[in-house]
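Visitor: Could you take me through one part of this structure up close? I'd like to look at the middle of the sheet and what packs around it.

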Amino acid sequence: MFQKMLLLFITGVSVTTFGIAGCTAQQQDSAAEVQPPILTAQTEAPTTTTQPQERPGDVPYVPTPQPVVDAMLQVAKVGKNDVLYDLGSGDGRIVVTAAQKYGTRGVGIDINPERIQEANANAQRAGVTDRVEFRQQDLFKTDLSEATVITLYLLPEVNLRLRPEILKLKPGTRIVSHAFDMGDWKPQQTLQVDGKTIYYWVVPKEIPANLR
């Protein structure tokens, strides 16, 4: 009799244990079913509007030192009413600095998509995306007519190719170049900053005969 009762007790415990285990598994399955899916797209970087680079760049990428950037903007007397175009804008530091320090609206032009992405990231970190934009363009195909200030850090031959278009701009448009001049278009000012040369011109009302 005792053995029979013991057998029934053991069987009951086993059934109960099985039932609990089964219920727990069902609860886990049910919980798993109601968990929202992980949206991996939420953690991905925003898509960019850059395109494959259409041709090799005209100059190697060498950033302008920040003291030179500051001096270029000072000599041009940039302000909040200016529109600054930086040709070969690289990481965007000239345009970003002008927006931060002077409230200037700026446009950076660069043919390299990596530089455009870097410049946009720098503008976002600086909190000036409402004042600046960066365009992946060939600088020889860029409409410069909106510019009141143009900054350059290119090469002598590139400056000379750009010179005819620059001289077509509104009289009074200010041009600042780091390191390289524009041939026989003599600058109005030449500065030395930390061993670097800065050239400054203003587009004249009457173009000299030797520059036509």
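Guide: Sure, let's start with a pairing: strand 1 and strand 4 run parallel, joined by 4 bridges. One place to look along this pair is leucine 87, which stands opposite leucine 152 in strand 4. Keep in mind that this is a predicted model.

Now go to the other neighbour of strand 4. Strand 4 (residues 149-152) pairs with strand 5 (residues 174-178), again in the parallel sense and over 4 bridges. Here isoleucine 150 stands opposite isoleucine 175 in strand 5. To get from strand 4 to strand 5 the chain passes through helix 5 (residues 156-166), and this β-α-β crossover is right-handed. Another facing pair is threonine 151 and valine 176 of strand 5.

Next, the side chains of strand 4. In a regular strand, side chains alternate between the two faces of the sheet. In strand 4, Val149 and Thr151 point one way, Ile150 and Leu152 point the other way, and all are buried.

Helix 5 deserves a look too. Its buried residues are Val158, Asn159, Leu162, Arg163 and Ile166. Viewed down the axis of helix 5, they fall within an arc of 150 degrees, so they line one face of the helix. What do they pack against? The buried residues of helix 5 meet strand 1, strand 4 and strand 5.

Zoom out a little and you have an open sheet of 7 strands, ordered 3-2-1-4-5-7-6, with mixed pairing. The edges belong to strand 3 (132-136) and strand 6 (189-193); each has a single partner strand, so one side of each is left without a neighbour in the sheet. From one strand to the next the twist averages 20 degrees.

Two more helices lie across this sheet. Helix 3 (residues 93-102) lies across strand 1 (83-87), strand 2 (105-110), strand 3 and strand 4, and runs at about 160 degrees to strand 1. Helix 4 (residues 113-126) lies across strand 2 and strand 3, at about 170 degrees to strand 3.

That brings us to the nonpolar packing. The largest nonpolar core has 25 residues, and those with the most contacts inside it are Leu73, Leu84, Val132, Phe134, Val176 and Ile198. Helix 2 (66-75), helix 3, helix 4, strand 3 and strand 7 (196-202) are the elements that give two or more residues to this core. Helix 2 gives the most, with 6 residues. Pick out leucine 84: leaving aside neighbours within four places in sequence, its contacts include Leu73, Ile94, Val95, Ala98, Val107, Val149 and Thr151. There is also a second, separate core of 24 residues, which includes Leu87, Ile150, Tyr199 and Leu211. Leu87 and Ile150 are thus familiar names: leucine 87 stands opposite leucine 152, and isoleucine 150 stands opposite isoleucine 175.

Finally, the whole chain. There are 5 helices and 7 strands, and from the N terminus on the elements run α-α-β-α-β-α-β-β-α-β-β-β. Of the 212 residues, 37% count as buried. Among contacts between residues at least 6 apart in sequence, 66% join residues at least 24 apart.

Notes:
Residues are numbered from 1 along each chain as its sequence is written. This is a predicted model: local features need pLDDT of at least 70, side-chain atom pairs count only at pLDDT 80 or more; totals for chains, interfaces and linings use all residues. Side-chain values use heavy atoms; hydrogens and water are left out. Two strands pair if DSSP finds at least two bridges between them. Axes are lines fitted to C-alpha atoms, for helices over the stretch in contact, and angles run from 0 to 180 degrees between N-to-C directions. Contact means heavy atoms within 4.5 Å. Buried means under 20% relative accessible area, exposed over 50%, partly exposed in between (1.4 Å probe, protein chains only). A crossover is right-handed if, with the strands pointing away from the viewer, the path from the first strand over the helix to the second runs clockwise. A nonpolar core is a set of buried Ala, Val, Leu, Ile, Met, Phe, Trp, Tyr and Cys residues joined through side-chain atoms within 4.5 Å. The arc is that of the directions from the helix axis to the C-beta atoms.
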